[in-house]
Amino acid sequence: MDFSQSFADQLKACSEYPLYAQAVETLQTNITRRCNLSCRHCHVEASPARTEEMSRQDMEACLRAAAHPEIKTLDITGGAPETHPRLVWFLREAALMKKRVLVRSNAAILLEKQYQHFLDIYAESGAEVVVSLPNLNHDRTDRMRGPDVFGKIIVALGELNSRGYGKKGSGLVLDLVHNPVGAYLPGSQEVLEREYRNRLRRDFGIEFNRLYCLINFPVGRYLDFLRGSGNLEEYFRLLKESFNSAAVGSVMCRTTLSVAPDGRLFDCDFNQVLDLSLSGQTPVHIRDFDYAKLSRRQIVVRGHCYSCTAGAGSSCQGVLQK
Amino acid sequence: MSQLYYETKDLQDFSNIGEFAHEQGKKFFDYYTSSTSSGKLTEREKALIALAVATVRHCPYCIDAYTNKCLSLGVGNDEMMEAIHVGAAMVAGDTLAHATQMRKIVKQKEM
Ligand code: SF4
Ligand code: SF4
């Protein structure tokens, strides 16, 4: 079955084809493909062996673009952003803009000697920290992310808590991310958030602000897993069957612009990995950022977009419909 | 007939079981939805009960649906297995409880 055509047909049926951006409220910068981990679901296929990272010149261009008044959030991701040698500078410059800055960290890296200082740097800069903790069951998390990673994340979350992260009144936001450890979709974000809150508090004394449930995208290593385990066809069928037209209006590409480590622009992180360049006459590199053109660009959609519209919808900020 | 009795794709047909009897079908789904949604019991607890019942009743569709539901709610494999043991113990227990009938009859009939 051609899922790309089928997704386009679904959009046509709800009068949303072609799909257009409405604004750029979030600039998501993927500053490196390097990571201390090599998770089995990683859509960017990050690992310690990867070397791609954003140049200083492109990071400066990201800061200039993020200064645009319509952009509210600078989202820093990777790979593990901490492995980028200019992250400290980038965070300090970003903090001067007085906007929402968030860093996606695997947290386990914050226990490594050469990266421990980020615990304090994050707190000083006031950046929100988003940590992926796929499952409360340590075996499942370790199967996905590597041996002993669950335990390391728990220790790192404790360290973040001790600096005020996730604590009421501190102003330091600590959000967690849940995603399925296998070929199924996440359950209710509300139910899972309650479960995470109760169990993390009871078993480890850990506090956090929000839990985001993310659907795994059939891209990168997760796609390899689906193929290798014979789940690919069934997973696409499940995504398609769970299509929710009400989620189309708020898919993240309508308000987010994604920057690759080489400075090229994409509709989202997933299109970036699939090398689906922006369509039409829009600038394709962060150095040529043009708000007016980019905020009205036509979005490039394919079969993997079904992951954004399944069930309650999915984005880097969790479900689209509460 | 070339079709199999049980096919995975038949699970997708569950929403159509109201065919040929719409009114009863609708009433069933209203009942099913309200019974399996969270109430005094949480959605997780109900998913585990449903999984245990599905296993006891040997329903491949429900085992599939509720294993996936449990996974999606982050229920541990050990928790799922514990729930199934409750079902297994209940089956063993109610089988043995029925031995009472046999024992009563034996005692009445034997010299
Ligand atoms: S999922 Fe995150 S932590 Fe895991 S390899 Fe990819 S970038 Fe690294
Ligand atoms: S996968 Fe990317 S392009 Fe497709 S709907 Fe989701 S955010 Fe938009």
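Tutor: Accessible areas here come from the Shrake-Rupley method with a 1.4 Å probe. Keep in mind that this is a predicted model.

Student: Okay, so how much area does chain A expose, and what share of it do carbon and sulfur atoms supply?

Tutor: About 13000 Å² is exposed by chain A, with 48% of that supplied by carbon and sulfur atoms. On the inside, 60% of its 322 residues count as buried.

Student: How do I read the overall build of chain A? What secondary structure does it have?

Tutor: Chain A has 12 helices and eight strands. Its radius of gyration is 19 Å, close to the 20 Å from the globule rule for 322 residues, so chain A is as compact as a globular protein of that length. Along the principal axes, its C-alpha atoms fill a box of roughly 50 × 40 × 40 Å.

Student: And the contacts? What percentage of those with a separation of 6 or more in chain A comes from residues 24 or more positions apart?

Tutor: That would be 73%.

Student: What about charge: how far apart are the mean positions of the positive and negative charges of chain A?

Tutor: Just take the two mean positions and compare them. For the 40 positive and 37 negative charges of chain A, they are 2 Å apart.

Student: Let's go inside. Which residues touch the most other members of the largest nonpolar core?

Tutor: A nonpolar core is a set of buried nonpolar residues joined through side-chain atoms within 4.5 Å. The largest one has 69 residues, and Leu27(A), Leu74(A) and Phe90(A) touch the most other members. Helix α6 (residues 149-162) of chain A gives the largest share of this core, seven residues. Another core, of 31 residues, lies apart from it and includes Leu19(A), Cys253(A), Cys308(A) and Leu320(A).

Student: Which residues does Leu74(A) touch, leaving out those up to four places away in sequence?

Tutor: Among them are Leu27(A), Phe90(A), Met97(A) and Arg100(A).

Student: Now single residues. Why does Ala292(A) count as partly exposed?

Tutor: Partly exposed sits between the 20% and 50% cut-offs. Ala292(A) falls there because its relative accessible area is 38%. Ala292(A) is in helix α12 (residues 291-294) of chain A. It is 269 residues from Ala23(A) in sequence, yet the two are 8.7 Å apart, C-alpha to C-alpha.

Student: And in chain B, where is Ile63(B) found?

Tutor: In helix α3 (residues 60-72) of chain B. Ile63(B) is partly exposed too, because its relative accessible area is 29%. Beyond residues up to four places away in sequence, Ile63(B) touches Leu51(B), Ala54(B) and Thr55(B). Its C-alpha atom is separated by 15 Å from that of Val86(B), 23 residues apart along the chain.

Note on methods
Residues are numbered from 1 along each chain as its sequence is written. Chains are lettered from A and ligands numbered from 1 in the order in which they are written. This is a predicted model: local features need pLDDT of at least 70, side-chain atom pairs count only at pLDDT 80 or more; totals for chains, interfaces and linings use all residues. Side-chain values use heavy atoms; hydrogens and water are left out. Helices (H or I, at least four residues) and strands (E, at least two) are DSSP runs, numbered from the N terminus. Buried means under 20% relative accessible area, exposed over 50%, partly exposed in between (1.4 Å probe, protein chains only). Contact means heavy atoms within 4.5 Å. The radius of gyration is taken over C-alpha atoms; the globule rule is 2.2 Å times the number of residues to the power 0.38. Lys and Arg count as positive and Asp and Glu as negative; His and the chain ends are not counted. The place of a charge is taken as NZ of Lys, CZ of Arg, CG of Asp or CD of Glu.
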